[in-house]
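This explanation follows the aromatic rings of a protein, then turns to its interior and its surface. Please keep the structure in view while reading.

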Amino acid sequence: MERPPEQVPPPSRLESVLVALAFLVVVLLIGQLGGAITAPALLDWYPTLAKPEFTPPNWVFPVAWTFLYILMAVAAWLVWRAAGGFMRAPDAFGFWALQLALNLAWSFLFFGLRSPGLGLLCVLALMVVIALTIAAFLKRSRPAAWLLIPYLLWVGFATALNFEIWRMN
């Protein structure tokens with residue numbers, strides 16, 4: 001005979017706010033670290049690369065990424081709430097953490113090592129892991145999954161841009 005799932009009391013308002021803030025701090029720190037890795041290459045290497053016509057101006061990237069990082073944090077928080085904690089959604093949070101790590105790794109590979117080829121391999125893996133994150137989030141919170149769709153689309157665009165920069169250089 002199957003037992004019903006154990007009911008977990010909902011988090012307190014304070015705990016919920018603290019977890020939401022923690023998610024936000026984590027993603028914004030990842031973004032800052034990626035920006036710090038990227039910044040030197042923006043001065044002397046990236047401007048020298050041949051780029052496709054669809055390359056956006058440089059100011060678009062930090063605006064887009066800040067928005068996307070906030071969506072990532074909110075999505076993770078929604079899953080945390082819906083699942084009743086981290087331990088009840090280990091696959092979802094595992095994929096979420098892995099996509100953040102790959103996101104940061106891309107900055108290191110593309111800009112830090114100045115390797116569009118390695119960046120391309122990384123961003124292709126990132127696309128797969130974002131899709132897996134969305135699938136895992138969908139099992140717990142449909143709104144959380146939908147919040148990651150703009151991220152997937154942007155990384156798809158970034159993949160095309162990365163490919164063209166690799167091909168042209």
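In this predicted model, F110 and F111 are both buried. The two rings form an edge-to-face aromatic pair, with centres 4.8 Å apart and planes at 70 degrees to each other. A pair of aromatic rings is described by these two kinds of value, the distance of the centres and the angle of the planes.

A second pair, W154 and F157, is tilted: the centres lie 5.4 Å apart and the planes meet at 40 degrees. Both residues belong to helix α6, where they are three residues apart and therefore separated by about one helical turn. Their surroundings may be described by relative accessibility. W154 has a value of 16% and counts as buried, because buried means under 20%. F157, at 26%, counts as partly exposed.

In the whole structure, a search finds 17 aromatic pairs. Ring pairs also link F23, W80, F86, F93 and W96 into a cluster.

Attention now turns to the interior. The largest nonpolar core has 50 residues, and F23, W65, M72, W96, F137 and Y151 are those with the most contacts inside it. At least two core residues come from each of α1, α2, α3, α4, α5 and α6, and α2 supplies the largest share, 14 residues. When neighbours within four places in sequence are left aside, the contacts of M72 include W65, W96 and Y151.

The surface completes the account. There, F108, L113, L118, L121 and L124 make a nonpolar patch of about 470 Å². Helix α4 contributes its largest share, three residues. L113 lies in the loop between α3 and α4 and is partly exposed, with a relative accessible area of 44%.

Note on methods:
Residues are numbered from 1 along each chain as its sequence is written. This is a predicted model: local features need pLDDT of at least 70, side-chain atom pairs count only at pLDDT 80 or more; totals for chains, interfaces and linings use all residues. Side-chain values use heavy atoms; hydrogens and water are left out. Patches are made of residues with over 30% relative accessible area and no salt bridge: like charges are joined within 9 Å, nonpolar side chains (Val, Leu, Ile, Met, Phe, Trp, Tyr) within 5 Å. Accessible areas come from the Shrake-Rupley method with a 1.4 Å probe; for residues, only the protein chains shown count as cover. A salt bridge is a side-chain nitrogen of Lys or Arg within 4 Å of a carboxyl oxygen of Asp or Glu. Helices (H or I, at least four residues) and strands (E, at least two) are DSSP runs, numbered from the N terminus. Buried means under 20% relative accessible area, exposed over 50%, partly exposed in between (1.4 Å probe, protein chains only). A nonpolar core is a set of buried Ala, Val, Leu, Ile, Met, Phe, Trp, Tyr and Cys residues joined through side-chain atoms within 4.5 Å. Contact means heavy atoms within 4.5 Å. Rings of Phe, Tyr and Trp (its six-membered ring) pair if their centres lie within 6.5 Å; planes under 30 degrees apart count as stacked, over 60 as edge-to-face and the rest as tilted.
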